[in-house]
Amino acid sequence: MIRNIIIRTFLAGAALVGLAVVAVAVAGYMALQQPEFYSELRKQAEAPKTAEEELKQIALDFKRWNETSAALQRAESSNSTYDPLADIHSVSVTETQMNAVLASQRFGAGDVQHPRVKLLNDNIRIAAEYCVDTTTFVVSVALKPAVMSGEKLHLDIMSAHLGNLPIPLKTLTSWVPKDADLSSGQIQFDLTGSTPRLIVEIAGRNRKSPTVRSLQCAEGALTIDFQAIKLAEATTEMRLTQDNGVQGG
């Protein structure tokens, strides 16, 4: 009987070891695979130069709108009907345009290379290759964007993958050292909530930047609505001009 117990115990242990080996092998295989969306984006032919030219034009239109708003506020009282708080400028950037820039320029940090972006409804997927010795993995995260108070962009981390292998969010956050500095310039990493979150200061040091009113992420496109900034110095100049006119009269 003891012999039978020993044999059965050995067979049960061998079965568990076998399952563990299979699980590790499957996990390793999944980790080495590329996510389908990333593979498709990497296979796409290099985007034409028109994509970069389109982005340059978008940036130029934004600059002109911002300068026009400032000029109207600095104008004489005859233009007092202009309300910067009602002046909204929409910027729409496509997934193709974003990946054209990422592919044509050297974006990366250390062993992280070839980033790509996939725009979905209320969801942004970002992936990049990560090299460890001679092995290359693809790490990807799904982010849900939201604008708070027009100055902060919240990016909730909804999921993370190593290749096609899902990484539990608790595991992801456990990799962050407890004494790590989670604030780096304009970006903060918030682990206090149920969902890990990246907080980005939109305005940064330039508090005279237009305010972000809304951000909409749809299939293949990202649209941002900006509100013109109300210049305090413009209001002061207008008052001084009016006062000088009264005194001169």
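User: At what angle do H3 and H4 pack, and how far apart are their axes?

Analyst: They pack at about 115°, with axes 9 Å apart. The axes are lines fitted to C-alpha atoms over the stretch in contact, with angles from 0 to 180 degrees between N-to-C directions. Bear in mind that this is a predicted model: local features need pLDDT of at least 70 and side-chain atom pairs 80 or more, while totals for chains, interfaces and linings use all residues. Residues are numbered from 1 along each chain as its sequence is written, and side-chain values use heavy atoms, leaving out hydrogens and water.

User: What makes H3 roughly perpendicular to H4?

Analyst: The angle is about 115°, and 65 to 115 degrees counts as roughly perpendicular (under 35 is roughly parallel, over 145 roughly antiparallel, the rest oblique). So H3 is called roughly perpendicular to H4.

User: Which residues make that contact?

Analyst: On the H3 side, Ala51, Glu52, Glu54, Leu55 and Ile58; on the H4 side, Gln97, Ala100, Val101 and Ser104. Contact here means heavy atoms within 4.5 Å.

User: What else covers the buried residues of H4?

Analyst: Besides H3, the cover includes helix H2 (36-43), strand S1 (88-94) and strand S3 (112-120). Among the buried residues of H4 (95-104) are Glu95, Asn99 and Leu102. Helices (H or I, at least four residues) and strands (E, at least two) are DSSP runs, numbered from the N terminus.

User: Back on H3, why is the Phe62 and Trp65 pair called tilted?

Analyst: Rings pair if their centres lie within 6.5 Å; planes under 30 degrees apart are stacked, over 60 edge-to-face, and the rest tilted (for Trp, the six-membered ring is used). Phe62 and Trp65 have centres 5.6 Å apart and planes at 50°, so they pair, and the pair is tilted. They sit 3 residues apart in H3 (49-74), about one turn of the helix.

User: And what makes Phe62 with Phe226 edge-to-face?

Analyst: Their planes are at 65° and their centres 4.8 Å apart, so edge-to-face fits. This pair links distant parts of the chain, with Phe226 in strand S12 (221-227), 164 residues from Phe62. Together, ring pairs join Phe62, Trp65 and Phe226 into a cluster.

User: How do you know which of these rings are buried?

Analyst: Buried means under 20% relative accessible area, exposed over 50%, and partly exposed in between (1.4 Å probe, protein chains only). Trp65, at 11%, is therefore buried, and so is Phe226, at 15%. Phe62 has 21%, so it's partly exposed.
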